[in-house]
Amino acid sequence: MSQETSPAPGVAGGTGRSAGPLDEVDRRILRELVNDGRLSMRTLAERVHVSRTNAYARVERLIRDGVITGFRARVAPEPAGLGTSAYIALTIEQNTWREVSEELARVRYVEHVALLSGEHDVLALVRAPDNATLRDVVLERVQSIAGVLSTRTWLVFEEFDGTQTLWP
């Protein structure tokens, strides 16, 4: 399988065309790849009950259509030395999203960033080794980004992945 990368932060991905709806075989392929992205095409085809040629063509189409954006290892933060997680909500100056997102993408320990509607403008997931590092990320790095007006931090005590999507 080919390895693709996501578009740059703050840049909309996609090909400018709309992918067709996913059928049941596509959903089974996604379910299997979400559970184990290292599956061989042979094993994938056997599990979803299609030929290897069909499985390969479908995976390539899902990649081309932007449904599958890449393959990666899922890392457990605590055993990897990142025992402190927090969500940081940012209020930013109007029309600074692109600049703020570019800077956030360069901040070490920021794992995920989303532009929001509502009370806050941006939500960032930060995974740091400890509280002192988290404090430094928020107070020294994030709050010093031009365009950031304020931040609000919520510590994560426990987390889990949902199980009710269309493919897992």
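**Sheet architecture and helix packing in the predicted model**

An open sheet of four strands, in the order β2-β3-β1-β4 and with antiparallel pairing, is present in the structure. Its edge strands are β2 and β4 (148-156), each of which pairs on one side only. Averaged over the sheet and with direction ignored, neighbouring strands are turned by 20° against each other. The model is a predicted one, and its secondary structure amounts to five helices and four strands. Along the sequence these elements follow the pattern α-α-α-β-α-β-β-α-β.

The chain has 168 residues, of which 30% are buried. Its exposed area is about 11200 Å², and carbon and sulfur atoms supply 48% of that area. Among the contacts with a separation of 6 or more, 69% are accounted for by residues 24 or more positions apart.

The pairing within the sheet may be described strand by strand. In general, the strands of a sheet pair through backbone hydrogen bonds, in either a parallel or an antiparallel sense. Here, β1 and β4 are paired in the antiparallel sense over eight bridges, and T91 has S150 in β4 as its bridge partner. The antiparallel pairing of β1 with β3 extends over seven bridges; within it, Y87 has L125 of β3 as its bridge partner. Strands β2 and β3 pair over five bridges, again in the antiparallel sense, with V113 standing opposite A124 in β3. The hairpin formed by β2 and β3 has six residues between the strands, and in this hairpin G118 adopts a positive phi near 115°. Burial is pronounced in β3: six of its seven residues are buried, so this strand is largely enclosed by the rest of the structure.

Within β1 (residues 84-92), S85 illustrates the local environment of a sheet residue. The relative accessible area of S85 is 6%, and the residue is therefore buried, given that burial requires a value under 20%. The side chain of S85 is joined to that of R127 by a polar contact of 2.8 Å. When residues up to four places away in sequence are not counted, S85 touches V126, R127, W154, L155, V156 and E159.

Helix α4 packs against the sheet. It lies across β1, β2, β3 (122-128) and β4, and runs at about 170° to β2. The buried residues in α4 are W97, V100, S101 and L104. These residues cover an arc of only 100° around the axis, which places them on the same side of α4. This pattern can be read against helix geometry: an α-helix has 3.6 residues a turn, so residues three or four places apart point the same way. The cover over the buried residues of α4 includes β1, β2, β3 and β4, together with α5 (131-142).

A comparable analysis applies to α2, in which M41, L44, A45 and V48 are buried. Viewed down the axis of α2, the buried residues fall within an arc of 100°, so they line one face of the helix. The exposed residues R42 and E46 are carried by the face of α2 turned away from its buried side. Among the elements that cover the buried residues of α2 are α1 (24-35) and α3.

Two residues other than glycine were examined for their backbone conformation. Most residues other than glycine have a negative phi. H49, which is not a glycine, nevertheless has a positive phi of about 65°. This residue follows α2 and is located in the loop between α2 (41-48) and α3 (52-64). With a relative accessibility of 67%, H49 counts as exposed, because the threshold for exposure is over 50%. Y109 likewise has a positive phi, of about 85°, although it is not a glycine. The position of Y109 is in the loop between α4 (97-105) and β2 (110-115).

Key. Residues are numbered from 1 along each chain as its sequence is written. This is a predicted model: local features need pLDDT of at least 70, side-chain atom pairs count only at pLDDT 80 or more; totals for chains, interfaces and linings use all residues. Side-chain values use heavy atoms; hydrogens and water are left out. Helices (H or I, at least four residues) and strands (E, at least two) are DSSP runs, numbered from the N terminus. Buried means under 20% relative accessible area, exposed over 50%, partly exposed in between (1.4 Å probe, protein chains only). A polar contact is a pair of N or O atoms within 3.5 Å; within protein, one must be able to donate a hydrogen and the other to accept it, and residues adjacent in sequence count only if both atoms are side-chain atoms. Contact means heavy atoms within 4.5 Å. Two strands pair if DSSP finds at least two bridges between them. Axes are lines fitted to C-alpha atoms, for helices over the stretch in contact, and angles run from 0 to 180 degrees between N-to-C directions. Accessible areas come from the Shrake-Rupley method with a 1.4 Å probe; for residues, only the protein chains shown count as cover. The arc is that of the directions from the helix axis to the C-beta atoms.
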